[in-house]
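Thanks for asking me to look over this model. My notes follow as numbered points, and I hope they are handy while you have the structure open.

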Amino acid sequence: MHARILCPGPSLAKYSAEGFDGLTIGVNRAATAHLCDVWASNDWQSCLALAPQIVGFPLLLTTTASINSPHMRGFVWPGGIKNADDFAYCLTTYATARMLTMNVAVGFAFITGHTDIAIYGADWSGLLDFDGVAAGTNRNPGRWELEADLFGHLADELRSKGVNVYRVIHEL
């Protein structure tokens, strides 16, 4: 089964969903640009800020901290909400890797039976997103190094379980 994870990096501007009929997970702002089955957003601030801009009503995948935040009290998402922490047990490296939303999306694709997981827009560089907007507060070389490292460990573990997980980078 095929899954695509869309991250909001600059190369996402070159992404096309044409002909793809598998699971699509949009990470944070990527779900404002493409129709997705699942919208992954780890923190309540992003959930509330992005909700009006999300294309359609995908399932919202977020954390216990977001769900239990007093700021989210009364927040109803028409696509439903799934707690990403419910599957923290599924992979040894997931417990640490889930601190970053892309890895939460990878974990969800895995637990839902997807064995080919392609990741678009995970450029791990720069300050701007696919649409030229400077979004996020933690965009620096240290963040990108951490994300690459955590993803590397998670991807290695998934590969040992027969899951093909990889980044697709389009040159800008």
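1. Let me begin with a residue that caught my eye: does N28 count as buried or exposed? This is a predicted model, and in it N28 has a relative accessibility of 18%. Buried means under 20%, so at 18% N28 counts as buried. You will find N28 in the loop between strand 2 and strand 3. Its phi is worth a look as well, being positive, near 50°, in a residue other than glycine.

2. From N28 we can move to the largest pocket, whose volume is about 660 Å³. This pocket is lined by 33 residues, and the closest to its centre are N28, T101, G136, R139 and R143. Helix 1 (44–50), helix 4 and helix 5 are the elements that give two or more residues to the lining. By residue type, the lining divides into 14 nonpolar, twelve polar and seven charged.

3. Now for the sheet. Seven strands make up an open sheet, with parallel pairing and the order 5-4-3-2-1-6-7. Which strands stand at the edges? They are strand 5 (81–83) and strand 7 (164–168); each has a single partner strand, so one side of each is left without a neighbour in the sheet. On average, neighbouring strands here are turned by 25° against each other, direction ignored.

4. Strand 6 deserves its own point. This strand, residues 116–120, pairs with strand 7 in the parallel sense over five bridges. Strand 1 also pairs with strand 6 in the parallel sense, again over five bridges. If you would like to check the register, R4 has A118 as its bridge partner in strand 6. Towards strand 7, the bridge partner of I117 is V165, while that of Y120 is V168.

5. How many of the five residues of strand 6 are buried? The count is five of five, and the strand is mostly covered. The side chains alternate in direction: D116, A118 and Y120 point one way and I117 and I119 the other way, and all are buried.

6. Over in strand 7, please have a look at Y166. Here the relative accessible area is 30%, and Y166 is partly exposed. Leaving aside neighbours within four places in sequence, Y166 is in contact with D116, I117, A118 and I119, and those contacts can be viewed alongside the pairing of strand 6 with strand 7. Another pair to inspect is Y166 and A155, which are eleven residues apart in sequence and 7.7 Å apart in space, C-alpha to C-alpha.

7. Two helices can be described against this sheet. Helix 4 (residues 101–111) packs on the sheet and touches strand 1 (2–6), strand 2 (23–27), strand 3 (38–40), strand 4 (59–62), strand 5, strand 6 and strand 7. The direction of helix 4 makes about 165° with that of strand 2. Helix 5 (residues 141–160) lies across strand 6 and strand 7, and runs at about 145° to strand 7.

8. How many of the eleven residues of helix 4 are buried? Ten of them are, and the helix is mostly covered. The buried residues include T101, M102, N103, V104, A105 and V106, followed by G107, F108, A109 and F110. T101 also appears among the residues closest to the centre of the largest pocket. After helix 4 comes G113, with a positive phi near 90°.

9. Two more loop residues are worth a stop. W124 is in the loop between strand 6 and helix 5, and it has a positive phi of about 55° although it is not a glycine. Its relative accessibility is 16%, so W124 counts as buried. T63, in turn, belongs to the loop between strand 4 and helix 2 (64–68). The relative accessible area of T63 is 12%, and T63 is buried. Apart from neighbours within four places in sequence, T63 is in contact with N42, N83 and D85.

Terms used. Residues numbered from 1 in each chain as written. Predicted model: local features only at pLDDT ≥ 70, side-chain atom pairs only at ≥ 80, totals over all residues. Heavy atoms only, no water. Pairing = 2+ DSSP bridges. Helix = DSSP H or I, 4+ residues; strand = E, 2+ residues; numbered from the N terminus. Axes fitted to C-alpha atoms, helices over the stretch in contact; angles between N-to-C directions. Contact = heavy atoms within 4.5 Å. Buried < 20%, exposed > 50% of the residue type's maximum accessible area, 1.4 Å probe, protein only. 1 Å grid on protein atoms, 1.4 Å probe; cavity = no way out; pocket = protein on both sides within 12 Å on 5 of 7 lines; lining within 4 Å. Points joined across faces, edges and corners; volume = space filled by probe spheres on them. Nonpolar A, V, L, I, M, F, W, Y, C, P; charged D, E, K, R; others polar.
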